[in-house]
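Hi,

Here is the structure I said I would pass on. Have a look at it first, and then read my notes below.

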Amino acid sequence: MDDREKASNQTASRIFNIMEVLSRNPDGMTMMKIVGELGNPPKSSIYVVLKQMVYNRYVSYIEKEKKYTIGPALIRLSAVIMNEHTIQKHARFFLEEISKETGEDAFLGILDGNRLQYIDKVEGTQSIRVNISIGATRYLHSSSIGKLLLANLSENEQIRIIEEENLVPITKNTITDINQLSNELSNIKNNGYSINNEESIEGVMGIAAAIRNNLNEVVAGICITLPVSRAKRRKESLIQLVKKTAEEISKHLGRDILIS
């Protein structure tokens, strides 16, 4: 193996090592901490690798805190892999079951960069025919699954996405105040479910819960949508049913814990 091959292999190894280190520190790390975690290789070589990873959006750099975090390109790649190989296949049966039991439309969504992407849907017997197709994307702040995914990101990632996407008003009920959204996200994370009360489509409510992997990380969300008028009389029972369904999918992904 010549020197060029050795250098190339070393760079590739450092890229993977950096991704591993950052994945264990979701709130971000300074370059010096990354260097320390990697066994103190030359700082200049790590800086060059990080700069290239930031350019390709596999890593994000937070200027104010001088920290690096996992970037949107890597999050998107992870979501695609999970979707293709596990989530959608495990979730399909449960989507059909919850749609059959409630009569409502059921959706499965993942984080796609800064947006929510719907990767599967089942129409219920009482479908309201919302215009959401598989592959469609939506803002995170105005959708039930989107808020759920946003709530389970690090605070730095939340701020970055909000700054990049802005809190665009979709309906008169869309949350466009950052303090109100922050409180909403805190409640979602604590309660384990998210409500979209006419924030994306007038007259429509969405109820979502998180799907977790065996590391207890939120990797997707499931939701049902229905008219607000129909949701009012059975909201609490639907919340529990959506949470239970999300937990069942999580178990099939290898996470075996009790529903709280």
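**The largest pocket and what surrounds it**

The lining of the largest pocket draws at least two residues from each of α1 (3–23), β2 (67–70), α4 (72–102), β3 (105–112) and β8 (218–227). Of these, α4 gives the most, with seven residues. Before you read too much into any of this, bear in mind that it is a predicted model.

The pocket holds about 1,200 Å³ of space. It is lined by 32 residues, and the ones closest to its centre are Ser-23, Ile-70, Ile-75, Glu-217 and Val-218. What sort of residues make up the lining of the largest pocket? Eighteen are nonpolar, eight are polar and six are charged.

**The chain as a whole**

If you want the overall picture, the chain has nine helices and eight strands. The C-alpha trace spans about 70 × 35 × 30 Å along its principal axes. A compact globule with 260 residues would have a radius of gyration near 18 Å, and the 20 Å of this chain agrees with that. As for burial, 48% of the 260 residues count as buried.

**The strands**

Start with β7 (residues 204–212), which has a partner on either hand in my notes. Strand β6 (residues 193–197) runs antiparallel to β7, and five bridges join the two. You can find your place in that pairing from Ser-194, which stands opposite Ala-208 in β7. The β6 and β7 hairpin has six residues between its strands, and there Glu-198 takes a positive phi near 60°.

β7 also pairs with β8 in the antiparallel sense, this time over nine bridges. Here Arg-212 stands opposite Val-218 in β8; Val-218 is also one of the residues closest to the centre of the largest pocket. Further along, Gly-206 has Thr-225 in β8 as its bridge partner. Between β7 and β8 the hairpin has five residues, and Asn-216 takes a positive phi near 70° in it.

Then there is β3, which is joined to β8 by five bridges and runs antiparallel to it. Asp-105 stands opposite Thr-225 in β8, so Thr-225 turns up in this pairing as well as opposite Gly-206.

How covered are these strands? In β7, eight of the nine residues are buried, and in β8 the count is nine of 10.

**Helix α6**

It is worth clicking through α6 (residues 155–165) too. Its buried residues are Asn-156, Glu-157, Gln-158, Arg-160, Ile-161, Ile-162 and Glu-165. Just after the helix, Asn-166 takes a positive phi of about 65°.

**Salt bridges**

The count comes to 16 salt bridges. The one I would look at first is between the side chains of Arg-230 and Glu-104, at 2.7 Å, N to O. Why does that pair tie together parts that are 126 residues apart in sequence? Because Arg-230 lies in helix α8 (residues 228–231), while Glu-104 lies in the loop between α4 and β3. Both Arg-230 and Glu-104 are buried.

Glu-123 appears in two salt bridges on my list. Its side chain meets that of Lys-121 at 3.9 Å, N to O, and that of Arg-129 at 2.3 Å, N to O. Are these three residues buried or exposed? Lys-121 has 18% relative accessibility, so it counts as buried, the cut-off being under 20%. Glu-123, at 41%, counts as partly exposed. Arg-129 is exposed, with a relative accessible area of 60%.

Finally, Arg-92, Glu-96 and Asp-120 are linked in a network of salt bridges.

**Where to look**

If you have only a few minutes, I would begin at the largest pocket, with Ser-23, Ile-70, Ile-75, Glu-217 and Val-218 among its lining residues. After that, follow β8 to its antiparallel partners β7 and β3, and finish at the salt bridge of Arg-230 and Glu-104.

Cheers

Key
Residues are numbered from 1 along each chain as its sequence is written. This is a predicted model: local features need pLDDT of at least 70, side-chain atom pairs count only at pLDDT 80 or more; totals for chains, interfaces and linings use all residues. Side-chain values use heavy atoms; hydrogens and water are left out. On a 1 Å grid over the protein atoms alone, a cavity is a set of points where a 1.4 Å probe fits but cannot get out, and a pocket is an open set with protein on both sides within 12 Å along at least five of seven lines; lining residues have an atom within 4 Å of a point. Grid points are joined across faces, edges and corners, and a volume is the space filled by probe spheres set on the points. Helices (H or I, at least four residues) and strands (E, at least two) are DSSP runs, numbered from the N terminus. Ala, Val, Leu, Ile, Met, Phe, Trp, Tyr, Cys and Pro count as nonpolar, Asp, Glu, Lys and Arg as charged, and the others, Gly among them, as polar. Buried means under 20% relative accessible area, exposed over 50%, partly exposed in between (1.4 Å probe, protein chains only). Two strands pair if DSSP finds at least two bridges between them. A salt bridge is a side-chain nitrogen of Lys or Arg within 4 Å of a carboxyl oxygen of Asp or Glu. The radius of gyration is taken over C-alpha atoms; the globule rule is 2.2 Å times the number of residues to the power 0.38.
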